[in-house]
Amino acid sequence: IANDIHYSGRYHDGYRNKSWSVIAEKRYADLGESIRAAEVRFAQVPTDPGNTVRLIESYILAADTGRAVALAAEHWKDLHDSQELMPLLGGLMMQAGRFDIAENIFEDYLAAGNSDFIVLNNLAFCKHQKGNIDSAVALFRQALKSFDIAPRYELEICAYFAVNGYYPDAM
């Protein structure tokens, strides 16, 4: 294990699906080993945004939301140059129940010029959780315009409009 590349800062050089930590997690349900590998990788290269998000995700999977939230709160602004990871991190913060952090991440992502149906939808949900129904509705409207979405999403958003009294939008 000591020589397993997956426990090093050179993680990306290895064969991800063959690491001891993944085998321990999948075969023996030892999530702790996977977390340990993520912690070692993060400690060796804390500036790698992929290491940061993987460690946060590992903590969430282990129901250690306190550590996940603390790490995300400290490092999410470091991910600004890794726009592809920001929606994932925002989603992880939603899973942890930290809609305030998720909201900041999604707003930063959109402020950087990105447009993504899922991010708009998730940001609307964050706004709703805080009681900002008008903001949520505006974001849902924007989401509907931004993407040729599957009917399931459209139906869910229309139901949201109806439940919150925005009847013309529900039609």
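## Salt bridges, helices and buried side chains

R67 is partly exposed, with a relative accessible area of 40%. That makes it a handy place to start a walk through this model, which is a predicted one. R67 pairs up with E39 in a salt bridge, and the closest N and O atoms there are 2.3 Å apart. This pair links distant parts of the chain: R67 sits in helix α4 and E39 in helix α2 (residues 31–44), 28 residues apart. E39 is also partly exposed, with a relative accessible area of 26%. R67 has another partner in D64, since their side chains meet in a salt bridge at 3.4 Å, N to O. D64 counts as partly exposed as well, because its relative accessibility is 23% and buried would mean under 20%.

How many salt bridges does a search of the whole structure find? The count is 6. In general terms, side chains of opposite charge can pair when their charged atoms come close.

Now for a salt bridge elsewhere in the chain. The side chains of K127 and E107 meet at 2.7 Å, N to O. K127 belongs to helix α7 and E107 to helix α6, so this salt bridge ties together parts that are 20 residues apart in sequence. Are its two ends buried or exposed? K127 is buried, at a relative accessible area of 12%, while E107 is partly exposed, at 32%. There is a bit of a web here too: salt bridges that share partners join E103, E107, K127 and K130 into one network.

Since K127 has taken us to α7, let's look at that helix. It has 13 residues and reaches 18 Å from its first C-alpha to its last, close to the 18 Å expected at 1.5 Å a residue. What caps its N-terminal end? D116 does the job, with a side-chain oxygen 2.8 Å from the backbone nitrogen of I118. Past the helix comes G131, whose phi is positive, near 85°. Along α7 itself, the buried residues are F117, V119, L120, N121, N122, L123, A124, C126 and K127. Take N122 as an example from that list: its relative accessible area is 16%, so it counts as buried, the cut-off being under 20%. Leaving aside neighbours within four places in sequence, N122 is in contact with M94 and F106.

M94 leads us on to helix α5 (residues 86–95), where the buried residues are M86, L89, G90, L92, M93 and M94. What covers them? The cover includes α3, α4 (65–75), α6 (99–111) and α7 (117–129). Just after α5, G97 takes a positive phi of about 80°.

One of the helices covering α5 is α3, so pick out I56, which lies in α3 (residues 49–61). I56 is buried, with a relative accessible area of 0%. Which residues is I56 in contact with, leaving aside its neighbours within four places in sequence? They are A68, L71, A72, L89, L92 and M93. L89, L92 and M93 are among the buried residues of α5. For a distance check, I56 and A38 are 18 residues apart in sequence and 9.0 Å apart in space, C-alpha to C-alpha.

T52 is found in helix α3 too. T52 is buried, at a relative accessible area of 3%. Not counting residues up to four places away in sequence, T52 touches F42, P46, L71 and H75. L71 also turns up in the contacts of I56.

Before you build anything on these coordinates, a word on confidence. The mean pLDDT of the protein is 78, and 72% of its residues reach 70 or more. Over residues 14–18, though, the pLDDT is below 50, and this stretch has 7 contacts in the model beyond near neighbours in sequence. Where pLDDT is low, the predicted coordinates should not be read in detail.

How values were computed
Residues are numbered from 1 along each chain as its sequence is written. Side-chain values use heavy atoms; hydrogens and water are left out. Helices (H or I, at least four residues) and strands (E, at least two) are DSSP runs, numbered from the N terminus. Buried means under 20% relative accessible area, exposed over 50%, partly exposed in between (1.4 Å probe, protein chains only). Contact means heavy atoms within 4.5 Å. The expected span of a helix is 1.5 Å times one less than its number of residues. A polar contact is a pair of N or O atoms within 3.5 Å; within protein, one must be able to donate a hydrogen and the other to accept it, and residues adjacent in sequence count only if both atoms are side-chain atoms. pLDDT is the predictor's confidence in each residue, from 0 to 100. A salt bridge is a side-chain nitrogen of Lys or Arg within 4 Å of a carboxyl oxygen of Asp or Glu.
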